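Trainee: Could we walk through a protein model together, one question at a time?
Mentor: Sure, pull it up and ask away.

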Amino acid sequence: MKAVVVSEPGGSEVLHIVDYPVPAVREGWSLVKVRAFGINRSEIFTRKGLSPSVQFPRVLGIECVGEIVVSTDEKRLPINQKVVSLMGEMGRAFDGSYAEYVLLPNQQIYPIASELSWTSLATIPETYYTAFVAMQNLKIQAQDRILVRGATSGVGLAFYQLVRARFPEILLYGTTRYSDKMAWLREYGFTDGLLDEQGQLQTPLSFSKVLELIGPKTIKDSIAHIEAGGIICSCGQLGGQWCLADFDPIEELGNDIYLTTSASRNVNERRFQELLDYIARYHMKIVPQKIYSLSQIQLAHQYLESKNSFGKVVIDIELDDK
């Protein structure tokens with residue numbers, strides 16, 4: 001099979017497409033034919049060598065959509081079953097989805113029912129699932145004023161779409177580090193775009209709910225802009241900072257502020273199908289911002305790292321055959 005192998009950390013040039021053995025199936029694991037997969041910033045961090053637990057060489061990729069081709073659980077995962085897999089240790093402790101086939105633990109494979117195209121489905125797993133759980137944990141109501149910190153990211157735009165589908169008139173603001181992207185956010189449909197300079201919001205506005213995607217780097221500033229009784233959901237680390245230092249919960253959250261998250265370990269089959277049903281119920285149009293072929297994997301990483309990146313980037317495995 002064709003696979004993208006990273007032998008040593010570095011820039012996008014270390015993503016090499018090679019002929020690679022199809023993984024041998026073992027008990028408790030099943031083989032998935034990958035149809036499409038999304039690109040994620042966490043994979044860029046790993047590629048750069050910023051994930052200490054990851055050893056090279058490694059096939060990256062923390063999510064995919066495809067079909068079962070060899071099963072060790074034929075009752076739950078029959079041959080040709082449409083499936084999705086995301087997060088866990090995929091692409092980290094074992095080879096991931098940047099390939100034509102991927103071997104996955106059965107408990108990390110979720111059978112799905114959906115009429116969406118492969119590229120639309122590939123837009124959903126890590127991005128929309130994270131946004132969906134965050135939306136639920138934020139307990140959004142129609143009267144809320146919401147801030148999405150890191151709004152031009154895939155998760156930020158997915159969250160916007162999920163919330164707008166149910167609450168079309170809700171006040172929904174998005175942040176960006178680049179002044180020219182503020183107009184993009186307004187054109188996309190946000191109530192307004194807000195500038196984030198050096199981790200400081202350039203606005204006097206306060207909010208009842210905050211989706212924090214920059215993470216520990218800006219969360220204290222987000223807390224400074226949330227109303228009493230408000231909720232912050234921190235589920236991204238786009239700022240490149242993994243941990244929060246010098247944080248006194250009593251002092252920082254003392255204004256009856258609630259802090260929650262959307263964690264990768266909380267993925268389950270029921271909730272993922274609930275997400276797909278939500279998308280169908282509200283007639284949401286799910287399309288990636290950019291679609292690349294497997295042979296364009298370096299370009300895909302370069303785009304996602306660039307100033308111009310906006311939304312979700314997807315690899316369509318079959319494009320090289322068309």
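What follows is a chat about helices, odd backbone angles and pockets in this predicted model.

Trainee: Let's begin with helix H4. How many residues of H4 are buried?
Mentor: Helix H4 runs over residues 154–166, so count within that stretch, where buried means under 20% relative accessible area. The list of buried residues includes Gly154, Leu157, Phe159 and Arg164. H4 is largely enclosed by the rest of the structure, because the number of its 13 residues that are buried is 11.

Trainee: What does H4 span from its first C-alpha to its last?
Mentor: H4 has 13 residues, and at 1.5 Å a residue the expected reach is 18 Å. The model comes close to that, and the value is 19 Å.

Trainee: Which elements do the buried residues of H4 pack against?
Mentor: There are helices among them, namely H3 (125–137), H5 and H8 (269–281). There are strands too, E9 (145–149) and E13 (207–212) among them. Put together, the partners are H3, E9, E10, H5, E13 and H8.

Trainee: Let me zoom in on one residue of H4. Which residues does Ala158 touch, leaving out those up to four places away in sequence?
Mentor: Ala158 sits in helix H4. At 1% relative accessibility, Ala158 counts as buried. Its C-alpha lies 8.6 Å from that of Lys312, although the two are 154 residues apart in sequence. The contacts you want are Thr127, Tyr128 and Ala131.

Trainee: And Ala134, is that one buried or exposed?
Mentor: Ala134 is in helix H3. Leaving out residues up to four places away in sequence, Ala134 touches Phe159, Leu211, Cys233, Cys235 and Ser262. Its relative accessibility is 0%, so Ala134 counts as buried.

Trainee: How far apart in space are Ala134 and Leu201, C-alpha to C-alpha?
Mentor: Start with the sequence, where Ala134 and Leu201 are 67 residues apart. In space, the distance is 21 Å.

Trainee: On to helix H5. Why are its buried residues on the same side of H5?
Mentor: The buried residues of H5 (residues 180–188) are Lys181, Met182 and Leu185. An α-helix has 3.6 residues a turn, so residues three or four places apart point the same way. Around the axis, the buried ones are on the same side of H5 because they cover an arc of only 115 degrees.

Trainee: Which strands do those buried residues of H5 pack against?
Mentor: Look at where Lys181, Met182 and Leu185 make their contacts, since they are the buried residues of H5. One partner spans 171–176 and the other 192–197. Those are strands E10 and E11.

Trainee: What comes right after H5, and what is its phi?
Mentor: H5 is followed by Gly189. The phi of Gly189 is positive, near 130 degrees.

Trainee: Now the backbone oddities. Which peptide bond is cis, with omega near 5 degrees?
Mentor: Most residues other than glycine have a negative phi, and most peptide bonds are trans. Head for the loop between helix H1 (41–47) and strand E4 (58–59), where you'll find Pro57. The cis bond is the one from Phe56 to Pro57.

Trainee: What is the phi of Lys139?
Mentor: Lys139 is in the loop between H3 and E9. With a relative accessible area of 58%, Lys139 is exposed. Its phi is positive although it isn't a glycine, and the value is near 50 degrees.

Trainee: Is Gln198 buried or exposed?
Mentor: Gln198 is in the loop between E11 and strand E12 (200–201). Its phi is positive too, near 55 degrees. The relative accessibility is 81%, so Gln198 counts as exposed.

Trainee: Pockets next! Which element gives the most to the lining of the largest pocket?
Mentor: The largest pocket holds about 1,100 Å³ of space. The elements giving two or more residues to its lining are H1, H3 and H4. With 5 residues, the top contributor is H1.

Trainee: Last one: how many residues lining the second largest pocket are charged?
Mentor: The second largest pocket holds about 730 Å³. Of the 29 residues that line it, the closest to its centre are Arg177, Tyr178, Ile214, Leu238 and Gly239. The lining divides into 9 nonpolar and 11 polar residues, and the charged ones number 9.

How values were computed: Residues are numbered from 1 along each chain as its sequence is written. This is a predicted model: local features need pLDDT of at least 70, side-chain atom pairs count only at pLDDT 80 or more; totals for chains, interfaces and linings use all residues. Side-chain values use heavy atoms; hydrogens and water are left out. Buried means under 20% relative accessible area, exposed over 50%, partly exposed in between (1.4 Å probe, protein chains only). Helices (H or I, at least four residues) and strands (E, at least two) are DSSP runs, numbered from the N terminus. The arc is that of the directions from the helix axis to the C-beta atoms. Contact means heavy atoms within 4.5 Å. The expected span of a helix is 1.5 Å times one less than its number of residues. On a 1 Å grid over the protein atoms alone, a cavity is a set of points where a 1.4 Å probe fits but cannot get out, and a pocket is an open set with protein on both sides within 12 Å along at least five of seven lines; lining residues have an atom within 4 Å of a point. Grid points are joined across faces, edges and corners, and a volume is the space filled by probe spheres set on the points. Ala, Val, Leu, Ile, Met, Phe, Trp, Tyr, Cys and Pro count as nonpolar, Asp, Glu, Lys and Arg as charged, and the others, Gly among them, as polar.
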